[in-house]
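Please look over the sequence and the model shown here before reading on. The paragraphs that follow take up a few of its features in turn.

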Amino acid sequence: MLNRKTLTPILCIAALMCAVQVFNTVSGYALTAFGVLPRSVSGLPGIVLSPFVHGSWPHLLGNLLPFVLLSLMVASEGLRGYLTASVLIIVIGGALVWLFGRGSYHVGASGWVFGLWVYILARAWLRHSWSNLATALAALVFYSGMVYGFLPRYGVSFEAHIAGAVAGFVTARMLLSAPRRASLEKEFR
């Protein structure tokens, strides 16, 4: 259910991304060093920090609206589930980029965005309801162009897009598959 308790944390995360971008701009983009640097010890913190750091204002603005809208779609079934899914997508996706990405810094929320997008699509597949189907169709219609993000392009971390999508699917399977859902329901009774 979307309400103020759901909307406020998502908008706070978006505001945090903007604040980090202000600081990054003022510092001459020094925060880029907090991105994922594959297969390096210094790049490990980037697994968690990189979604909040962007390479430019257009980069941030390109991620911000899809992030908020897809976050609201995922959070429509509860804030706790959204936060759990987001943490898993960030950690799994970031770890995959750290393991398999090109040897340069990977920053930005696009991996998280791709993860949320695929999570919504997978949720409709795993949980058969009209509301999940409607949400997935809306995500597919509005963000179908995201599939082009899987193609290699200069200056774009397509690895983060692919890793985020894989993380979104894995997260949906972990959180929404029937045996896991049944055990969670018992746990919260």
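How many aromatic pairs does the structure hold? In this predicted model, the structure holds four aromatic pairs, and two of them, described here, involve Trp-112. In one, the ring centres of Phe-52 and Trp-112 lie 5.7 Å apart and the ring planes stand at 70 degrees, so the pair counts as edge-to-face, given that planes over 60 degrees apart are classed in that way. Because Phe-52 sits in the loop between α2 (46-49) and α3 (57-75), while Trp-112 belongs to helix α5 (residues 110-126), this pair ties together parts of the chain that are 60 residues apart in sequence. Phe-52 and Trp-112 are both buried.

Trp-112 also pairs with Phe-67, again edge-to-face, with 4.7 Å from centre to centre and 65 degrees between the planes. Here too distant parts of the chain are linked, since Phe-67 lies in helix α3 and Trp-112 in helix α5, 45 residues apart. Phe-67 is buried, as is its partner Trp-112, and Phe-52, Phe-67 and Trp-112 together form one aromatic cluster.

From these rings one can step back to the chain as a whole. Its secondary structure comes to eight helices and zero strands, so that, by the run-based assignment of helices and strands, the pattern read along the sequence is α-α-α-α-α-α-α-α. Of the 189 residues of the chain, 47% count as buried. Among the contacts that join residues at least 6 apart in sequence, 80% are between residues at least 24 apart.

The last topic is the surface. The accessible surface of the chain comes to about 9,800 Å², and carbon and sulfur atoms account for 73% of that area. One feature of this surface is a nonpolar patch of about 500 Å², made by Trp-125, Ile-162, Val-166, Phe-169, Val-170 and Met-174. Helix α7 (residues 158-176) contributes the largest share of the patch, namely five residues.

Is Ile-162, one of the residues of this patch, buried, partly exposed or exposed? Ile-162 lies in helix α7, and because its relative accessibility is 37%, Ile-162 counts as partly exposed; the cut-offs behind this reading are under 20% for buried and over 50% for exposed, with partly exposed in between. The residues of the aromatic cluster, by contrast, are buried: this holds for Phe-52 and Trp-112, and for Phe-67 as well.

Technical notes. Residues numbered from 1 in each chain as written. Predicted model: local features only at pLDDT ≥ 70, side-chain atom pairs only at ≥ 80, totals over all residues. Heavy atoms only, no water. Helix = DSSP H or I, 4+ residues; strand = E, 2+ residues; numbered from the N terminus. Buried < 20%, exposed > 50% of the residue type's maximum accessible area, 1.4 Å probe, protein only. Contact = heavy atoms within 4.5 Å. Areas by Shrake-Rupley, 256 points an atom, 1.4 Å probe, with all protein chains shown as cover. Patch = residues over 30% accessible without salt bridge, like charges linked within 9 Å, V, L, I, M, F, W, Y side chains within 5 Å. Salt bridge = Lys/Arg side-chain N within 4 Å of Asp/Glu carboxyl O. Phe/Tyr/Trp six-rings, centres within 6.5 Å; stacked < 30°, edge-to-face > 60°.
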